[in-house]
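Have a look at the fold below before reading on. The notes go through it piece by piece, starting with how much of the chain is tucked away.

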Amino acid sequence: MGVQRQGRPDRIVPAWRGYVLLIFGIGTKESLLGVPYYVCETCGQAAAHRLLKHSRRFTLFFIPLIPLGVRYYDTCTYCARTIELSEQQIEAVTRQTNPELR
Ligand SMILES: [Zn+2]
């Protein structure tokens with residue numbers, strides 16, 4: 001007849017021993033480059049457009065360390081149409097609408 005031991009084990013080994021806790025992820029910073037006013041090709045309304053820059057970075061313990069890339073977006077404030085722009089397109093638009101941003 002076997003005796004089953006119950007209760008406290010001989011050694012208590014914390015579950016976290018030997019492991020390192022890392023908190024990492026990808027963070028996106030959004031910055032507004034300008035709000036030009038022109039006719040939207042989708043809705044046909046003369047409306048303001050938000051020019052946004054999204055900078056993605058690898059983060060370690062919530063600290064941005066490695067840049068992963070930049071994307072530019074143009075969003076119509078009337079119909080919410082959003083298109084991605086290249087760096088050359090965003091430079092051309094900001095140069096036309098805000099010459100002081102050069
Ligand atoms: Zn629109």
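## How much is buried

Of the 102 residues in the protein, 5% are buried. Keep in mind that this is a predicted model, with a mean pLDDT of 85 across the protein. A score of at least 70 is reached by 78% of the residues.

Strand β1 fits that picture of sparse cover: it spans residues 24-34, and zero of its eleven residues are buried.

## The overall layout

What is the chain built from? There are five strands and one helix, and reading along the sequence gives β-β-β-β-β-α. Confidence varies between these elements: helix α1, at residues 87-97, has the lowest mean pLDDT of them, 84, while strand β5, at residues 82-85, has the highest, 95.

How far along the chain do the contacts reach? Taking contacts between residues at least 6 apart in sequence, 48% link residues that are at least 24 apart.

## β1 against β3

Strands β1 and β3 run antiparallel to each other and are joined by ten bridges. One spot to look for is threonine 28, which sits opposite arginine 56 in β3.

Isoleucine 26 is another handy marker in β1. Is isoleucine 26 buried or exposed? It counts as exposed, because it has just 11 C-beta neighbours inside 10 Å, and the cut-off for exposed is 12 or fewer. Its C-alpha atom is 5.6 Å from that of threonine 59, although the two are 33 residues apart along the chain. Setting aside residues up to four places away in sequence, isoleucine 26 touches Arg56, Phe58, Thr59 and Leu68.

Just ahead of this strand, in the segment before β1, you'll find isoleucine 23. Isoleucine 23 is exposed too, because there are 9 other C-beta atoms within 10 Å. Its partner in space is phenylalanine 61: the C-alpha atoms are 5.0 Å apart, with the two positions 38 residues apart in sequence terms. Beyond its neighbours within four places in sequence, isoleucine 23 contacts Phe61 and Phe62.

## The β3–β4 hairpin

β3 also pairs with β4, again in the antiparallel sense, this time over twelve bridges. The two strands make a hairpin with two residues between them. Arginine 56, which faces threonine 28 of β1, has glycine 69 as its bridge partner in β4.

Next door, serine 55 also belongs to β3. Serine 55 is partly exposed, because 15 C-beta neighbours lie inside 10 Å. Its C-alpha is 6.0 Å from that of glycine 69, a residue 14 places away in sequence. Leaving out residues up to four places away, serine 55 touches Thr28, Lys29, Pro67 and Val70.

Now for the turn. Phenylalanine 61 there has a positive phi of about 55°. Phenylalanine 62, in the loop between β3 (46-60) and β4 (63-76), has a positive phi as well, near 65°. Why flag these angles? Most residues other than glycine have a negative phi. Phenylalanine 62 is exposed, because it has 9 C-beta neighbours inside 10 Å.

## The β4–β5 hairpin

How many bridges join β4 to β5? There are four, and the strands run antiparallel. Two pairs to find on screen are aspartate 74, opposite isoleucine 83 in β5, and tyrosine 72, whose bridge partner in β5 is leucine 85.

This pair of strands forms a hairpin as well, with five residues between them. Alanine 80 is found in the loop between β4 and β5, and its phi is near 65°, a positive value in a residue other than glycine. Alanine 80 counts as exposed, because 9 other C-beta atoms lie within 10 Å of its own.

Definitions and conventions: Residues are numbered from 1 along each chain as its sequence is written. This is a predicted model: local features need pLDDT of at least 70, side-chain atom pairs count only at pLDDT 80 or more; totals for chains, interfaces and linings use all residues. pLDDT is the predictor's confidence in each residue, from 0 to 100. A residue is buried if 20 or more other C-beta atoms lie within 10 Å of its own, exposed if 12 or fewer, and partly exposed in between; C-beta atoms are placed from the backbone. Two strands pair if DSSP finds at least two bridges between them. Two residues are in contact if their C-beta atoms, placed from the backbone, lie within 7 Å.
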